[in-house]
Amino acid sequence: MDLNAVEDIIPVRDRAALARAHTGAAGTAVLAGGTWLFSCEQPHLRVLVDLTAMGWEPWTVSARGLRLAATCPVAELAAVPARPGWAAHPLLRWCVRALLASSAVRSVATVGGNLCTALPAGAVTSLAVALDGAVELWGPDGSTRHLPVEELVVGDGRTALRPGEVVRALDLPERALRGRTASRRTCLQRLGRSASLVTARADEDGAFTLAVTAATSRPVVLRWPAAPPAGRAVRDVRAAVQEGPGWFSDVHGDPDWRCAVTLRSVAEVVEELDRPGGAS
Ligand SMILES: Cc1cc2nc3c(=O)[nH]c(=O)nc-3n(C[C@H](O)[C@H](O)[C@H](O)COP(=O)(O)OP(=O)(O)OC[C@H]3O[C@@H](n4cnc5c(N)ncnc54)[C@H](O)[C@@H]3O)c2cc1C
């Protein structure tokens with residue numbers, strides 16, 4: 001939709017220009033793919049700061065793992081080639097499919113935009129928490145800090161971003177990319193938005209990570225030194241959600257149903273990774 005109140009769009013090409021654009025000013029927002037920004041009224045916005053002009057490489061690989069630029073289109077995740085030992089690589093394609101949108105939307109919606117929109121069904125959020133992802137954040141004063149994604153997304157549409165802060169990149173560590181993973185996605189309709197996303201990861205040293213998104217307003221992540229029995233994982237997840245954000249409720253699913261399908265998925269992913277040679 002047209003954002004009639006917007007008076008200026010400022011393309012920024014480097015960090016100095018980003019600082020001059022005053023991203024923390026009232027009425028100013030960062031623009032990435034625009035798929036969420038232009039999907040609803042934004043009467044409070046006067047200025048958009050266009051990050052896509054930064055020219056960041058969409059993704060880079062190093063000994064530390066995979067770095068996804070904030071401006072990397074979600075669809076591009078499916079094009080990241082598998083590397084030797086990256087057992088978790090299929091999760092990248094799973095994440096693209098979990099963003100329930102046309103290929104036109106997926107090809108412009110960005111990694112950073114998905115994280116910052118902070119929808120419970122955020123596909124990149126799910127990928128990131130499954131793989132211990134952390135964001136690099138650029139402050140308007142020139143500062144840089146890093147934050148695990150499970151601490152970035154704090155509620156439905158809410159993040160821990162400070163005023164004017166911009167996500168520069170999402171880092172997925174090599175250790176996590178080498179883990180075996182299993183995942184489940186549940187939605188009310190065949191082509192509906194995700195109502196429950198469950199991922200599990202077993203690392204080479206046996207450490208086990210389980211993450212729930214979409215069924216809760218913010219990610220719920222549990223870790224064990226070794227794979228838990230399925231029954232224990234189910235009990236621990238149920239307790240963590242009840243003591244934490246509770247089961248999410250919206251048009252994509254009631255809390256009781258979300259609880260039931262999520263706990264079933266938890267048992268399934270644990271059992272899948274427990275099978276010799278099981279899962280991706
Ligand atoms: C048909 C359709 C289906 C959709 N389905 C889903 C879905 O299944 N799951 C889901 O999660 N979302 C969905 N969305 C919402 C949205 O498209 C996605 O979340 C998308 O990834 C947002 O990315 P973007 O680059 O377009 O963000 P934009 O619209 O450009 O920005 C979104 C918000 O993030 C901020 N922002 C963007 N980049 C940064 C950055 N680097 N640093 C700081 N702030 C930033 C913006 O200021 C804005 O507040 C859907 C949207 C449509 C239109």
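1. Let's start with a charged pair: the side chains of D132 and R223 form a salt bridge, at 3.0 Å from N to O. D132 sits in the loop between helix 5 and strand 6, while R223 belongs to strand 14 (residues 220-224), so this pair ties together parts of the chain that are 91 residues apart in sequence. Keep in mind as you look around that this is a predicted model.

2. How exposed are the two partners? D132 counts as buried, at 18% relative accessibility, because the cut-off for buried is under 20%. R223 comes out as partly exposed, with 43% relative accessibility.

3. Next, have a look at E136 and R67. Their side chains meet in a salt bridge of 2.6 Å, N to O. This one also links distant parts of the chain: E136 is in strand 6 (residues 134-138) and R67 in strand 5 (residues 65-69), with their positions 69 residues apart. E136 is buried, at 12% relative accessibility, whereas R67 is partly exposed, with a relative accessible area of 22%.

4. A further pair worth finding is R145 with E165, whose side chains make a salt bridge at 2.6 Å, N to O. R145 is part of strand 7 (residues 144-148), and E165 lies in the loop that runs between strand 9 (158-159) and strand 10 (166-173), so the bridge ties together parts 20 residues apart in sequence. E165 is buried, with a relative accessibility of 9%.

5. Which residues are joined into one network by salt bridges that share partners? They are D132, E150, R175, R201, D203 and R223, so you'll meet the D132 and R223 pair from the opening point here again. The structure as a whole holds 15 salt bridges.

6. Now for some helix packing. Two packed helices are described by the angle between their axes and the distance between the axes. Helix 2 (residues 90-98) packs against helix 5 (residues 123-130) at an angle of about 155°, and their axes are 8 Å apart. That angle makes helix 2 roughly antiparallel to helix 5, because anything over 145 degrees gets that label. The crossing of these two helices is right-handed.

7. And what makes the contact between them? Helix 2 brings L91, L92, W94, C95 and A98, and helix 5 brings A123, V124, S126, L127 and A130. Sorted by class, the contact has 9 nonpolar residues, 1 polar residue and no charged ones.

Key. Residues are numbered from 1 along each chain as its sequence is written. This is a predicted model: local features need pLDDT of at least 70, side-chain atom pairs count only at pLDDT 80 or more; totals for chains, interfaces and linings use all residues. Side-chain values use heavy atoms; hydrogens and water are left out. Axes are lines fitted to C-alpha atoms, for helices over the stretch in contact, and angles run from 0 to 180 degrees between N-to-C directions. Helices (H or I, at least four residues) and strands (E, at least two) are DSSP runs, numbered from the N terminus. Angles under 35 degrees count as roughly parallel, over 145 as roughly antiparallel, 65 to 115 as roughly perpendicular and the rest as oblique. A crossing is left-handed if the near helix is turned anticlockwise from the far one by less than a right angle, and right-handed if clockwise. Contact means heavy atoms within 4.5 Å. Ala, Val, Leu, Ile, Met, Phe, Trp, Tyr, Cys and Pro count as nonpolar, Asp, Glu, Lys and Arg as charged, and the others, Gly among them, as polar. A salt bridge is a side-chain nitrogen of Lys or Arg within 4 Å of a carboxyl oxygen of Asp or Glu. Buried means under 20% relative accessible area, exposed over 50%, partly exposed in between (1.4 Å probe, protein chains only).
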